[in-house]
Amino acid sequence: MLSSADNDLLTRTGTGTAMGEYFRRFWQPVALSSELPEADCTPLRVKVLGEDLLAFRATDGQVGLIDPRCAHRGADLFFGRNEEGGIRCVYHGWKYDVSGKCVELPNVPPGSGYHDNMSIAAYPTREFGDMVWAYMGPREHMPPELPQLEVGLMPPGRRFVTKRLQQCNWAQSMEGALDTAHFSFLHMSAPAMAGNDAMTAAADESRIRWLRNDPLPRFDIAQHEVGFVIGGARNADAGTLYWRITQFMLPAHSITPSSMPGETYYGYTWVPIDDHSCWIYVYAWHPEHDIAAAERARYAAGGYGQFAELGPGHVPLRNRGNDYLIDRGEQKLRSFTGVRGIAEQDAMAQDSQGPIVDRSREHLSPTDVGIVRFRRVMLDAVKGLAQGLQPPACGLPRSYRMRAGGAVASASLNFEQVMLQRFGSVSGKVDG
Ligand code: FES
Ligand SMILES: [Fe+2]
């Protein structure tokens with residue numbers, strides 16, 4: 001449970017809010033690279049942390065992220081012409097480069113100070129892992145490097161990156177990823193139909209059985225320099241435990257708990273659009289080999305594991321507006337939710353908590369230990385920044401090369417020993 005004041009602190013990320021200032025100290029994805037597919041292509045409206053912005057790819061391939069309002073009289077540069085080296089306002093022809101500098105003002109006489117000084121706000125961008133990242137904080141605090149998430153360090157053939165719209169506040173969606181206990185319900189088939197789970201194709205039968213039979217996993221958490229790793233242990237077969245281990249990295253990255261050794265890894269990055277919606281960047285990567293064409297096609301088609309079935313604009317086909325196409329017959333007979341797709345089931349549960357869940361009215365249980373830790377870490381960090389403490393994680397981009405996933409281990413091993421056995425480090429950090 002949180003006080004209303006702390007709930008506001010955790011969830012509000014607009015300009016001038018404490019959490020908004022905190023998020024702005026980190027590099028964050030603002031678009032998929034594929035949304036700006038070539039030089040001088042159509043610009044893209046983006047909204048990040050409540051700010052309406054415009055992204056465009058210039059002639060040299062660089063991406064600009066600018067205030068879309070023309071400095072002259074405020075026409076929207078979305079309708080501008082993306083020309084040689086900049087975007088030109090079609091109203092009177094003022095032209096801006098990726099740094100926001102106004103490089104041509106055809107209706108202003110030469111010699112005017114306008115020619116030297118005119119500019120609009122712009123944020124620095126970089127591309128990494130098929131995503132366009134931006135830094136929206138004070139320039140003097142700009143981290144030198146992007147967080148080195150493993151997905152971005154892979155050759156392109158070894159990763160698949162997409163995004164989807166989530167129609168609720170970023171923090172409750174993030175909490176959904178840290179609360180892995182819900183898998184024993186939300187993603188299961190109806191009890192009479194064991195074996196027909198939505199995810200049976202993605203995991204073997206025994207894993208489903210362990211998930212189904214033990215709805216009360218025991219959690220351990222290990223703090224690390226950019227967040228924490230949480231392991232949930234369920235009873236498995238013959239003196240073993242089934243561990244599902246999840247990463248949380250500041251401010252809003254996570255790696256999922258399902259991947260067994262040798263399998264593909266999956267991760268998410270949440271980026272608030274405004275306080276009632278966010279983008280979830282969703283990615284898969286395999287450290288050792290390319291992702292096969294068939295698997296890639298399955299991800300792209302969605303309705304499978306972490307990937308939702310998407311319509312235009314990366315909006316899931318089953319969404320808040322159509323009650324996720326819930327099928328009550330299916331819900332009675334086949335699946336717990338009657339909603340198709342793990343990603344869509346998550347979205348339904350998280351959106352249904354409200355645009356911003358009221359955490360002053362909840363009643364937490366022992367399986368919520370991960371979200372309790374998440375809130376404490378975020379609130380401490382944001383209060384620290386408000387007192388002038390720089391977020392240490394911003395200066396540790398190389399600590400973001402983390403893994404997470406599943407493990408079956410002897411019940412005699414503790415969490416630390418399981419982490420060492422599964423990932424070679426207590427935190428899940430990969431060397432290199
Ligand atoms: S409003 Fe853009 S050039 Fe006049
Ligand atoms: Fe889930």
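Hi everyone. Before anything else, a word on terms: when I say helix, I mean a DSSP run of H or I with at least four residues, numbered from the N terminus. With that in hand, here is a small detail to start us off: G354, just after helix α9, takes a positive phi of about 115°. Please keep in mind that this is a predicted model.

Let's stay with α9, which covers residues 342–352. How many of its eleven residues are buried? Nine of them are, so I'd call this helix mostly covered. The buried ones include E344, Q345, D346 and D351, along with I342, A343 and M348. Among the elements covering them are strand β12, residues 159–166, and helix α5, residues 170–178.

One of those buried α9 residues, D346, takes us to the metal. Which residues hold the iron ion, ligand 2? They are H182 and H187, each through NE2, and D346, which appears twice through OD atoms, at 2.0 to 2.7 Å. Along the sequence, the donor residues follow the spacing H-x4-H-x158-D. Both histidines, H182 and H187, are buried. As for geometry, the angles among the four donor atoms run from 54 to 147°, and the site is irregular.

Next, a pair of helices. In general, two packed helices are described by the angle between their axes and the distance between the axes. Here, α1 (residues 4–11) and α10 (residues 369–386) pack at about 80°, with axes 10 Å apart. Angles of 65 to 115 degrees count as roughly perpendicular, and α1 and α10 are therefore roughly perpendicular to each other. From α1, the residues in contact are D6, L9 and L10; from α10, they are F374, R375, M378, L379, V382 and K383. By class, that contact has six nonpolar residues, three charged and no polar ones.

Last, some backbone spots to look up on your screens. Most residues other than glycine have a negative phi, and most peptide bonds are trans. Against that background, D40 has a positive phi of about 60° and is not a glycine. D40 sits in the loop between β1 and β2, and is partly exposed at 29% relative accessible area. A238 also has a positive phi, about 45°, without being a glycine. Its loop runs between β14 and β15. Is A238 buried or exposed? At 79% relative accessibility, A238 counts as exposed.

And the peptide bond between L250 and P251 is cis, with omega about 0°; P251 lies in the loop between β15 and β16. Thanks for listening!

Technical notes. Residues are numbered from 1 along each chain as its sequence is written. Chains are lettered from A and ligands numbered from 1 in the order in which they are written. This is a predicted model: local features need pLDDT of at least 70, side-chain atom pairs count only at pLDDT 80 or more; totals for chains, interfaces and linings use all residues. Side-chain values use heavy atoms; hydrogens and water are left out. Axes are lines fitted to C-alpha atoms, for helices over the stretch in contact, and angles run from 0 to 180 degrees between N-to-C directions. Helices (H or I, at least four residues) and strands (E, at least two) are DSSP runs, numbered from the N terminus. Angles under 35 degrees count as roughly parallel, over 145 as roughly antiparallel, 65 to 115 as roughly perpendicular and the rest as oblique. Contact means heavy atoms within 4.5 Å. Ala, Val, Leu, Ile, Met, Phe, Trp, Tyr, Cys and Pro count as nonpolar, Asp, Glu, Lys and Arg as charged, and the others, Gly among them, as polar. Donors are N, O and S atoms within 2.8 Å of the metal (3.2 Å for Na, K and Ca); water is not among the atoms, so sites may look incomplete. Four donors count as tetrahedral if all angles lie between 85 and 135 degrees; four count as square planar and six as octahedral if opposite donors are over 155 degrees apart and all others between 65 and 115; anything else is irregular. Buried means under 20% relative accessible area, exposed over 50%, partly exposed in between (1.4 Å probe, protein chains only).
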